[in-house]
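Here's a quick look at where the ligand sits and what the empty spaces in the protein look like. Have the viewer open while you read.

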Amino acid sequence: MRLFTASVVLSLLPFTTAWPNVMEMDRQLKKREEPPPRDPLFKSGRPNTGLPALGFNAEEQLVNVASGSGHEFQSPRTGDIRGQCPGLNAAANHNFIPRNGLLTTAQTIQGLGDAYNMSPDLALFLAVVSTALAGDPVSNRWSIGGNFTPTVPIFPANGIAGTHNQYEGDASIVRGDAYLNGGSVGVFQMRSWEHLYQLAETYTLDDVAAQSDYVTRWSILNNPYYFSAPFSGLVAPAAHNFVIHFMSNHSAENPGGFLSREVLKSFFAVTGDGPGNFVHNRGQERIPENWYKRPLANAYNLPEVGVDVNINNLMYPGIVRIGGNTGITDSFAGVDLTDLTGGVFNTADLADGNKAACFLLQASLAGLPDISNPLLGAVGSVLGWTTQQLGPLSSKFGCPPLANFDNQLFNPFPGASFKGSGN
Ligand code: HEM
Ligand SMILES: *[C@@H]1O[C@H](CO)[C@@H](O)[C@H](O)[C@H]1NC(C)=O
């Protein structure tokens with residue numbers, strides 16, 4: 001299943017031969033239990049930009065992917081890395097980030113700004129976490145999918161596909177849970193896709209909140225190893241909102257953005273007209289032509305990421321939860337965030353943008369590899385490197401010093417130590 005991790009495998013294995021396995025797993029999943037319908041406590045009605053849009057500028061917002069633009073769509077070539085994140089795959093397929101799927105922090109900030117108007121702070125944060133967890137801090141590179149060869153062999157350099165329960169988590173918007181898919185974190189789940197697709201004809205943040213609630217309750221009902229860690233447990237809900245924030249089209253009439261089924265299918269590499277005949281075309285995520293990204297003045301930033309997840313959790317209490325099943329399905333037991341952080345944070349803090357940003361920054365440090373090396377210079381270790389890289393953001397948001405995560409609280413959860421095995 002490591003389709004995009006090793007170039008050799010990719011070249012020997014045409015997509016068609018790989019399909020039956022994926023389909024088979026999906027068929028097995030279809031036999032599982034469905035959670036009952038659930039209404040939200042309220043609907044937020046917020047625009048697809050989250051906060052109200054601050055205008056529309058066609059020239060600035062058009063993402064030119066036409067022929068001759070330098071950002072034409074190209075399928076990944078042999079050796080190009082792709083992974084479970086559709087936003088990164090699409091950016092690489094259009095050369096906003098390097099087509100080979102390996103990139104530096106600077107390339108992340110530039111490329112995701114150009115393609116999506118992700119704010120530099122958010123791009124920096126996501127890139128530094130990728131590099132620290134599963135990249136190469138010495139050459140400052142990370143991978144959007146599977147492993148690569150680091151400058152020094154002490155770094156695992158597994159790529160973000162190799163970060164189960166650190167970055168990547170269960171209850172993703174479309175991809176299946178690692179434990180239910182033989183360890184693979186990138187298996188397209190037709191069931192989840194069809195559920196999402198049928199929620200609306202043009203999608204809003206309220207729609208993906210409903211999906212986030214559905215996939216969370218589905219995983220608890222069906223995955224004995226369901227686990228939601230402090231960081232990955234916020235990344236999966238946040239990624240639901242990324243669909244609306246970053247994939248919506250914008251116009252003068254609709255500056256707050258709108259997301260049609262056609263555009264959603266393009267970004268998720270899905271073809272077909274409806275349930276029953278959808279096909280997922282792995283690695284073919286595409287930015288549509290004539291598509292306008294969110295306004296630069298509304299660049300999506302770290303504080304808003306936490307605030308949006310919090311609103312979804314108020315609509316559907318339980319989207320945010322830290323803890324997991326205890327080895328049998330439907331046995332969820334929670335870990336109190338206050339206990340985990342020695343009282344520094346609690347879930348209500350997500351309502352406050354800066355506190356949410358601080359929690360995300362600090363939670364991301366909890367699962368870092370314990371590696372020290374002189375090549376990392378004065379900072380000495382991966383933790384030191386990361387703290388140095390994220391220090392300016394931490395001061396900017398006025399964050400308290402890092403609380404000690406009491407990781408022993410995770411011992412009762414078998415899913416917490418289950419390692420995924422890549423794409
Ligand atoms: C440096 C930037 C980024 C990094 C490091 C990153 C990383 C990740 C990771 C680790 C996951 C797995 C989370 C999970 O288990 O659900 C993920 C999923 C996802 N990301 Fe990204 N991402 C980035 C940018 C983006 C952008 C710009 C978009 C939207 C255009 C996006 C959309 C998504 C979506 C929709 C998923 C869920 C995929 C699914 O379940 O099918 N991401 N990303
Ligand atoms: C985006 O919206 C504009 C204005 O309505 C429209 O002309 C264009 O075709 C849309 N793009 C896509 C990819 O749907």
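What follows goes through the iron site, the ligand's surroundings, and then the cavities and the main pocket.

Keep in mind that this is a predicted model. The short version is that ligand 1 takes up the space of the largest cavity, and the iron atom of ligand 1 has Cys 85 as its only protein donor. Helix H9 (232-247) is the name to remember, as H9 gives the most residues to the lining of the largest cavity and also to the lining of the second largest one.

**The iron site**

- The SG atom of Cys 85 sits 2.3 Å from the iron atom of ligand 1, and no other protein donor is found for that iron.
- If you're looking for Cys 85 along the chain, go to the loop that runs between helix H3 (58-61) and helix H4 (86-93).

**Around ligand 1**

- Ligand 1 has 27 residues around it, and the closest of them are Cys 85, Gly 169, Ser 172, Val 174 and Arg 175.
- Ser 172 makes its contact through the side chain: one of its polar side-chain atoms is 2.7 Å from an oxygen atom of ligand 1.
- Arg 175 uses its backbone instead, with a polar backbone atom 3.1 Å from an oxygen atom of ligand 1.
- Ile 173 also comes in through the backbone, where an N or O atom lies 3.4 Å from an oxygen atom of ligand 1.
- As for secondary structure, H4, H5, H6 and H9 are the elements that each give two or more residues to the shell around ligand 1.
- H9 has the largest share of that shell, at 6 residues.
- Sorted by class, the shell around ligand 1 comes out as 19 nonpolar, 6 polar and 2 charged residues.

**The largest cavity**

- There are 5 cavities of 30 Å³ or more, and the largest has a volume of about 830 Å³.
- A total of 42 residues line the largest cavity, and those closest to its centre are Cys 85, Pro 86, Val 235, Ala 239 and Phe 242.
- The elements giving two or more residues to this lining are H4, helix H5 (105-116), helix H6 (120-134), H9 and helix H11 (302-315).
- H9 puts 9 residues into the lining of the largest cavity, the most of any element.
- The class split for this lining is 31 nonpolar, 8 polar and 3 charged residues.

**The second largest cavity**

- The second largest cavity holds about 100 Å³ of space.
- Its lining has 14 residues, with Asp 170, Ala 171, Tyr 226, Ala 236 and Pro 237 nearest the centre.
- Helix H8 (205-222), strand S4 (227-228) and H9 are the elements that each give two or more residues here.
- H9 again gives the most to the lining of the second largest cavity, this time with 5 residues.
- By class, you get 6 nonpolar, 7 polar and 1 charged in the lining of the second largest cavity.

**The largest pocket**

- The largest pocket has a volume of about 370 Å³.
- It is lined by 19 residues, and Asn 165, Gly 367, Asn 407, Phe 410 and Ala 416 are the ones closest to its centre.
- Its lining divides into 9 nonpolar, 9 polar and 1 charged residues.

Definitions and conventions. Residues are numbered from 1 along each chain as its sequence is written. Chains are lettered from A and ligands numbered from 1 in the order in which they are written. This is a predicted model: local features need pLDDT of at least 70, side-chain atom pairs count only at pLDDT 80 or more; totals for chains, interfaces and linings use all residues. Side-chain values use heavy atoms; hydrogens and water are left out. Donors are N, O and S atoms within 2.8 Å of the metal (3.2 Å for Na, K and Ca); water is not among the atoms, so sites may look incomplete. Helices (H or I, at least four residues) and strands (E, at least two) are DSSP runs, numbered from the N terminus. On a 1 Å grid over the protein atoms alone, a cavity is a set of points where a 1.4 Å probe fits but cannot get out, and a pocket is an open set with protein on both sides within 12 Å along at least five of seven lines; lining residues have an atom within 4 Å of a point. Grid points are joined across faces, edges and corners, and a volume is the space filled by probe spheres set on the points. Ala, Val, Leu, Ile, Met, Phe, Trp, Tyr, Cys and Pro count as nonpolar, Asp, Glu, Lys and Arg as charged, and the others, Gly among them, as polar. A residue is near a molecule or strand if one of its heavy atoms lies within 4 Å of it. A polar contact is a pair of N or O atoms within 3.5 Å; within protein, one must be able to donate a hydrogen and the other to accept it, and residues adjacent in sequence count only if both atoms are side-chain atoms. A molecule sits in a cavity or pocket if more than half of its atoms lie within 2 Å of its grid points.
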